[in-house]
Amino acid sequence: MTPDVPQTFVHTPEYALVLAILHQAYVDLRDTAPAQERVHSLAFFGNERRHLEWLCDLANLDHTGIQDAVRRQYPHESD
């Protein structure tokens with residue numbers, strides 16, 4: 001059972017899509033993910049082609065903050 005909390009932020013479908021992409025890329029960093037997916041995810045969070053920055057701009061998110069959070073969670077991947 002979830003508590004009744006007034007919803008103050010309404011997610012648009014576009015925002016939900018950006019969050020789903022970020023979540024999947026994050027999941028793909030796990031050791032259990034296929035190697036090729038991990039490579040793509042590392043490139044994505046490294047912002048090599050600026051996709052992370054572009055998606056974060058769409059959702060008004062700070063891509064450097066997301067990169068920092070990923071580096072803290074997976075420090076061995078940033079070497």
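**Entry 1: helices α3 and α4**

I looked at this pair before anything else, and α3 and α4 turn out to be oblique to each other. "Oblique" is what remains once angles under 35 degrees are called roughly parallel, over 145 roughly antiparallel and 65 to 115 roughly perpendicular. I am working with a predicted model, where local features need pLDDT of at least 70 and side-chain atom pairs count only at pLDDT 80 or more, while totals for chains, interfaces and linings use all residues. Residues are numbered from 1 along each chain as its sequence is written, and side-chain values use heavy atoms, with hydrogens and water left out.

The axes of α3 (residues 51-58) and α4 (residues 63-73) cross at roughly 120 degrees and come within 9 Å. My axes are lines fitted to C-alpha atoms, for helices over the stretch in contact, with angles from 0 to 180 degrees between N-to-C directions. My helices are DSSP runs (H or I, at least four residues), numbered from the N terminus.

Which residues make the contact of α3 and α4? I found Leu-52, Glu-53 and Cys-56 on α3, and His-63, Ile-66 and Gln-67 on α4. Contact here means heavy atoms within 4.5 Å. I sorted these residues by class and got three nonpolar, two polar and one charged. In this scheme Ala, Val, Leu, Ile, Met, Phe, Trp, Tyr, Cys and Pro are nonpolar, Asp, Glu, Lys and Arg are charged, and the others, Gly among them, are polar.

**Entry 2: Glu-53 and His-63**

Next I checked whether two members of that contact are buried or exposed. Glu-53, in helix α3, is buried, with a relative accessible area of 17%. His-63, in helix α4, is also buried, at 17%. Buried means under 20% relative accessible area, exposed over 50% and partly exposed in between (1.4 Å probe, protein chains only).

Leaving aside neighbours within four places in sequence, Glu-53 is in contact with Asn-47 and His-63. With the neighbours within four places again left aside, His-63 contacts Asn-47, Leu-52, Glu-53 and Cys-56.

**Entry 3: the loop between α2 and α3**

Asn-47 kept turning up, and I traced this residue to the loop between α2 and α3. Asn-47 counts as buried because its relative accessibility is 12%. Its phi is near 60 degrees, a positive value in a residue other than glycine. Arg-50 is in the loop between α2 and α3 too, and its phi is near 65 degrees, again positive in a residue other than glycine. I noted these angles because most residues other than glycine have a negative phi.

**Entry 4: helices α1 and α2**

What is the angle between α1 and α2? They pack at about 125 degrees, with their axes 8 Å apart, and are therefore oblique to each other. Ile-21, Leu-22, Ala-25 and Tyr-26 in α1 meet Ser-41, Phe-44 and Phe-45 in α2. By class, I have six nonpolar, one polar and no charged residues in this contact.

**Entry 5: the core**

How many residues are in the largest nonpolar core? I have 14, and those with the most contacts inside it are Leu-22, Phe-44, Phe-45, Leu-52 and Ile-66. Such a core is a set of buried Ala, Val, Leu, Ile, Met, Phe, Trp, Tyr and Cys residues joined through side-chain atoms within 4.5 Å. At least two of its residues come from each of α1 (13-27), α2 (35-45), α3 and α4. The largest share, four residues, is from α1.

Last, I listed what Leu-52 touches, not counting residues up to four places away in sequence: Leu-22, Phe-44, Phe-45, Asn-47, His-63, Ile-66 and Gln-67.
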